[in-house]
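Student: I have a sequence and a model on my screen. Can we work through the model by question and answer?

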Amino acid sequence: MWPMSTAAHNMLVADHDIDVRATAYTPSLGSVSGIPVVTGTITVDATSQIRRSATLSIADPAYWPADPLAILSPLGSELFVEYGIVIPGQGTEWVPVIRGVITDVERTRPSTDGGSGAFTVKLADRSVKVAQARFDAPTQTVTSATVVAEIRRLITEVLPTVTVTDYTGSTMVAPVIEIEKERWADGVEKLADAIGAEVFADPLGNFSIRPQPVVTSGPVWAVSVGESGTVISMDEKTTRELTYNRVVASGQRSDGTAPVTATVSDTDPTSPTYIGGAFGVKTRFFVSNLLTTVPQCTTAAEALLARTIGMHGSIALSLITNPALDAGDVVHIHDGEHHADHIVDTVTIPLSPMEAQRLTTRSLELPSEIG
């Protein structure tokens with residue numbers, strides 16, 4: 001969750017005003033502030049390669065991109081959007097919600113909105129630029145480079161000015177692999193899977209490499225149902241579909257030698273998914289050519305196990321907007337009878353005080369199972 005002051009946190013559960021400001025970054029005009037965003041929605045989705053996207057309504061028809069070098073042209077411009085929480089007596093606290101590439105600009109004429117001439121701008125976070133920069137020919141990872149260094153290289157070759165911050169501390173050396181064309185899917189994502197990490201663009205447009213989130217990370221926000229609570233409505237579902245209590249991770253060899261492998265299980269007797277308990281045994285298989293040693297297989301298997309035990313439910317919420325919430329955050333939910341921690345899967349950030357925030361918590365998407 002993006003850091004906010006105590007005063008801003010307190011205002012979220014009280015009647016308060018909000019504001020929105022947007023700055024365009026263009027190849028021909030530099031930065032242009034004061035872009036008139038009147039409403040819109042930012043969507044943050046932990047299961048998508050493009051983690052942050054947005055649909056915005058622009059009030060002034062003069063900003064319609066009539067040529068390729070216009071301020072809001074989809075041929076090179078970006079928008080940085082901030083959500084403002086108005087704190088009486090202190091001013092406005094700004095929370096960044098997206099810096100994204102303009103992908104589409106749409107309008108319908110004649111205008112159906114009373115003559116204001118508003119049009120729609122769609123954004124995708126900067127990972128879209130990395131994904132679109134595919135290789136002309138197969139390329140190999142750099143010999144003796146770490147996984148983190150290779151992820152950073154694949155991103156900064158496309159976006160040389162961005163910061164790529166590693167929160168894993170991994171020093172695993174990346175094996176030499178061949179990336180056919182897909183820089184993100186076959187490069188960044190596969191490298192991240194090998195160290196049990198995820199890679200994404202943050203609200204400022206920089207990139208993070210961090211361990212896959214787990215429920216035991218601890219909640220950053222609490223929501224509750226009831227007359228004085230923050231939840232407007234809640235839909236619940238429980239399932240064992242993506243719950244596993246045993247993971248087998250293996251390398252993948254093409255030279256005829258036996259691949260390395262490691263197996264980890266839920267051995268906590270107090271766990272509902274204890275390997276020797278009533279849940280039974282349910283095994284997840286993961287194979288990657290990045291895994292070349294038993295310790296590497298063990299690390300990958302432990303990361304997958306942490307993601308698949310205890311994540312057996314989903315909740316869809318409508319609630320008072322907290323613009324700082326992020327996919328992957330852990331939230332504490334109190335429905336009046338039960339308390340539980342959940343990982344946020346998707347969250348919307350409406351840029352209107354009249355709309356509720358929507359949040360889903362459910363099992364995360366896992367790497368493809370082979371075997």
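**Reading the model**

Tutor: Gln132 is exposed, with a relative accessible area of 61%. Keep in mind that this is a predicted model.

Student: Which helix holds Gln132?

Tutor: Exposure alone does not place a residue. Look at the helix covering residues 127–132. Gln132 belongs to that helix, α2.

Student: How far apart are the C-alpha atoms of Gln132 and Trp184?

Tutor: Along the chain, Gln132 and Trp184 are 52 residues apart. In space, their C-alpha atoms are separated by 8.3 Å.

Student: In what order do the three strands of the open sheet run?

Tutor: Start from the edges. β9 (164–166) and β11 (197–201) each pair on one side only, which makes them the edge strands. The pairing in this sheet is mixed, and the order is β9-β12-β11.

Student: What is the average twist from one strand to the next?

Tutor: Take the strands in the order β9-β12-β11. From one to the next, the twist averages 20 degrees.

Student: Do β11 and β12 pair in the parallel or the antiparallel sense?

Tutor: Strands of a sheet pair through backbone hydrogen bonds, and both senses exist. Here β11 meets β12 (residues 207–211) over five bridges. The sense of that pairing is antiparallel.

Student: Which residue in β12 is the bridge partner of Phe200?

Tutor: Phe200 falls within β11, residues 197–201. Across in β12, its bridge partner is Ser208.

Student: Which helix lies across β9, β11 and β12?

Tutor: Helix α4 (residues 183–194) packs on the sheet too, but the strands it touches are β11 and β12. Its direction makes about 135 degrees with that of β11. The helix you want covers residues 147–156 and runs at about 165 degrees to β9. That is α3.

Student: How many salt bridges does the structure hold?

Tutor: Side chains of opposite charge can pair when their charged atoms come close. Arg21 and Glu82 form one such pair, with their closest N and O atoms 2.7 Å apart. For the structure, the count is 14.

Student: How many residues apart in sequence are the parts that Arg21 and Glu82 tie together?

Tutor: Arg21 is partly exposed at 39% relative accessible area. Glu82 counts as buried at 11%. Arg21 sits in strand β1 (residues 18–26) and Glu82 in strand β5 (residues 78–87), so the salt bridge links parts of the chain whose separation is 61 residues.

Student: What is the N to O distance in the salt bridge of Asp326 and Arg51?

Tutor: Both Asp326 and Arg51 are buried. Asp326 lies in the loop between β18 and β19, and Arg51 in the loop between β3 and β4, so the pair ties together parts 275 residues apart in sequence. Their N to O distance is 3.9 Å.

Student: Is Arg183 buried or exposed?

Tutor: The side chain of Arg183 meets that of Glu157 in a salt bridge, at 2.8 Å from N to O. Glu157, at 43% relative accessibility, counts as partly exposed. Buried means under 20%. Arg183 has 7%, so it counts as buried.

Student: Which residues are joined into one network by salt bridges that share partners?

Tutor: Begin with a pair already seen, Asp326 and Arg51. Shared partners extend the set to a network of Arg51, Arg52, Glu198, Arg210 and Asp326.

Student: Which two residues touch the most other members of the largest nonpolar core?

Tutor: In soluble globular proteins, nonpolar side chains tend to be buried together. The largest core here has 48 residues. A second, separate core of 38 residues includes Val148, Val164, Ile179 and Val247. In the largest one, the two residues are Leu72 and Leu79.

Student: What span does α5 reach from its first C-alpha to its last?

Tutor: Helix α5 covers residues 294–308. Its buried residues include Ala300, Leu304 and Arg307, and α4 and β15 are among the elements covering them. With 15 residues, α5 comes close to the expected span, reaching 21 Å.

Student: How far apart in space are Arg307 and Leu242, C-alpha to C-alpha?

Tutor: Arg307 counts as buried at 6% relative accessibility. In sequence, Arg307 and Leu242 are 65 residues apart. C-alpha to C-alpha, the distance is 9.5 Å.

Technical notes. Residues are numbered from 1 along each chain as its sequence is written. This is a predicted model: local features need pLDDT of at least 70, side-chain atom pairs count only at pLDDT 80 or more; totals for chains, interfaces and linings use all residues. Side-chain values use heavy atoms; hydrogens and water are left out. Two strands pair if DSSP finds at least two bridges between them. Helices (H or I, at least four residues) and strands (E, at least two) are DSSP runs, numbered from the N terminus. Axes are lines fitted to C-alpha atoms, for helices over the stretch in contact, and angles run from 0 to 180 degrees between N-to-C directions. Contact means heavy atoms within 4.5 Å. Buried means under 20% relative accessible area, exposed over 50%, partly exposed in between (1.4 Å probe, protein chains only). The expected span of a helix is 1.5 Å times one less than its number of residues. A salt bridge is a side-chain nitrogen of Lys or Arg within 4 Å of a carboxyl oxygen of Asp or Glu. A nonpolar core is a set of buried Ala, Val, Leu, Ile, Met, Phe, Trp, Tyr and Cys residues joined through side-chain atoms within 4.5 Å.
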